[in-house]
Amino acid sequence: LTEHNARHVWHPMAHPAEMRANPPTIISAGEGAEIIDVDGKRLLDGVGGLWNVNLGYSCDPVKQAITTQLGELPYYSAFRGTTNGPLIELSVALAEFFAADGMVRSFFTSGGSDSVETALRLARQFHKLNGQPERTKFVSLKKGYHGTHFGGASVNGNQNFRRAYEPLLPGTIHLASPYTYRNPFNTDDPKVLADSIARQFADEIAFHGADTIAALIMEPVLGAGGVIVPHESLMPALRALCDKHGILLIADEVITAFGRTGAWSGSRLWGVKPDMMCTAKAITNGYFPFGAVMIGEKVTEVFENDRTAMGSIGHGYTYSGHPVGAAAAIVCLAETVKQDLATNAAERGIELLEGLETLKARYPLVGDVRGKGLMCALELVSNRDDKAPAAKDKVAQVYKGAYEAGVMIRTSGNNIILSPTLIISKQDVSRILEALEAGLKSAAN
Ligand code: PMP
């Protein structure tokens, strides 16, 4: 298998030649909060699949819903003329779940990148319908991650995901990241940093002209950029500027929706109602590729009141509203609420973060610790004074040490990312911390 993998598979974000030198672990099974590799080694999954397997690997009601739906209607198009029952039932459940976020309508997709692309397109179309066709630009945050499509790549705040594909969308504006550990404002005070970013947004609006900007897109807690938790004032301050200048706010909640941060949505964590929310990942617990863009009243109304051809969405996917994905999502949503995963994420998240702080105190390799709920990161440095990122082999040693101690973690540059399933216990948190310590110890030697 390893040889076939090296020869024929091209993995995301990996160099093809790397597959021979450093073959990936083949995962063959999952059970509860654990995964099992092809050699039978059991690992506590500190990654939660890829931030998405919130309910773990043994959620039988979801598996049952998928099997039943496959038996009844495995697929039919949900374009204008036809629809299906699970899709309608899910849209009602989602509107209820996200009512506190002001969301009323769902547009279904096959994943996070599709959700971002859809929201960006809807934002431009909204302004065109509203008689402001010049509002075409997008604003985002550095270190934000918004998927791989050309729109999402354009608003991505990481050059590594953009460089090879430029030129991207013109007129994309990147504000600073709320990354307290390193930032151009040279402040380690998160509130000062949030105020500076809000001022930067106001400056950019003045410079470009509000009537050229369609939307601001941001993650309530930045994920792939290294788990960056903004000060609580940032999102409300940016929301206020959007309101003042007629700019839409798109919350990219592909990771943060459904409880991961300890709140049911990341926007709710900060008391903000966005105009649209991009979701995917945990919507089906990773069991089926699926996503939804949640749309608020303000956007819906403009489309509903328009009677021209422009008012229909000229955008859709073969798998928009896939009945099997919808059936899975209905049960995931019910299980997520029934098991109160947000509370467990909040409680276990506090324990995990405390443990990570202890590791930081013990190991100089750890420069920074960040987290909210079960979204955490350790940033590894070779020198705490100049914050120089740790060498690749040190990061790899931590990964290997944790793996040998029975916990799967994820590395991203010089960050260790932790996003376990939301069903983990207090004992599982200790297991993650012990394994990380084993990894840090081996890297320190
Ligand atoms: N937005 C965010 C915030 C994400 O984290 C991701 C994926 N990690 C995406 C968009 C893209 O989602 P997908 O990989 O399902 O296309």
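Helices here are DSSP runs of at least four residues, numbered from the N terminus. With that in hand, the ligand site of this predicted model is a handy place to start. Helix H6, residues 112-129, gives the most to the shell around the ligand, chipping in three residues. In total, 14 residues surround the ligand, and the closest are Gly111, Gly112, Ser113, Gly147 and Val254. Sorted by class, that shell comes out at six nonpolar, six polar and two charged residues.

Zooming out, the domain assignment splits the protein chain into domain 1 (2-55 + 340-444) and domain 2 (63-338). Their C-alpha centres sit 26 Å apart. Where the two meet, 26 residues of domain 1 are in contact with 24 residues of domain 2. On the domain 1 side, helix H3 (48-51), H13 and strands S11 (366-372), S12 (375-383) and S16 (415-418) each supply at least two residues. H13 has the largest share of that side, with five residues. As for chemistry, the domain 1 side that touches domain 2 breaks down into 13 nonpolar, eight polar and five charged residues.

H13 (residues 341-362) also packs against helix H15 (residues 426-444), at an angle of about 20° and with the axes 10 Å apart. Angles under 35 degrees count as roughly parallel, so H13 and H15 are roughly parallel to each other. H13 passes H15 in a right-handed crossing. H13 brings Arg348, Glu351, Leu352, Gly355 and Leu359 to the contact, while H15 brings Lys426, Val429, Ile432, Leu433, Leu436, Glu437 and Leu440. By class, this helix pair's contact has seven nonpolar, one polar and four charged residues.

Conventions:
Residues are numbered from 1 along each chain as its sequence is written. This is a predicted model: local features need pLDDT of at least 70, side-chain atom pairs count only at pLDDT 80 or more; totals for chains, interfaces and linings use all residues. Axes are lines fitted to C-alpha atoms, for helices over the stretch in contact, and angles run from 0 to 180 degrees between N-to-C directions. Angles under 35 degrees count as roughly parallel, over 145 as roughly antiparallel, 65 to 115 as roughly perpendicular and the rest as oblique. A crossing is left-handed if the near helix is turned anticlockwise from the far one by less than a right angle, and right-handed if clockwise. Two residues are in contact if their C-beta atoms, placed from the backbone, lie within 7 Å. Ala, Val, Leu, Ile, Met, Phe, Trp, Tyr, Cys and Pro count as nonpolar, Asp, Glu, Lys and Arg as charged, and the others, Gly among them, as polar. A residue is near a molecule or strand if its C-beta atom, placed from the backbone, lies within 6 Å of it. Domain bounds come from an automatic or database domain assignment.
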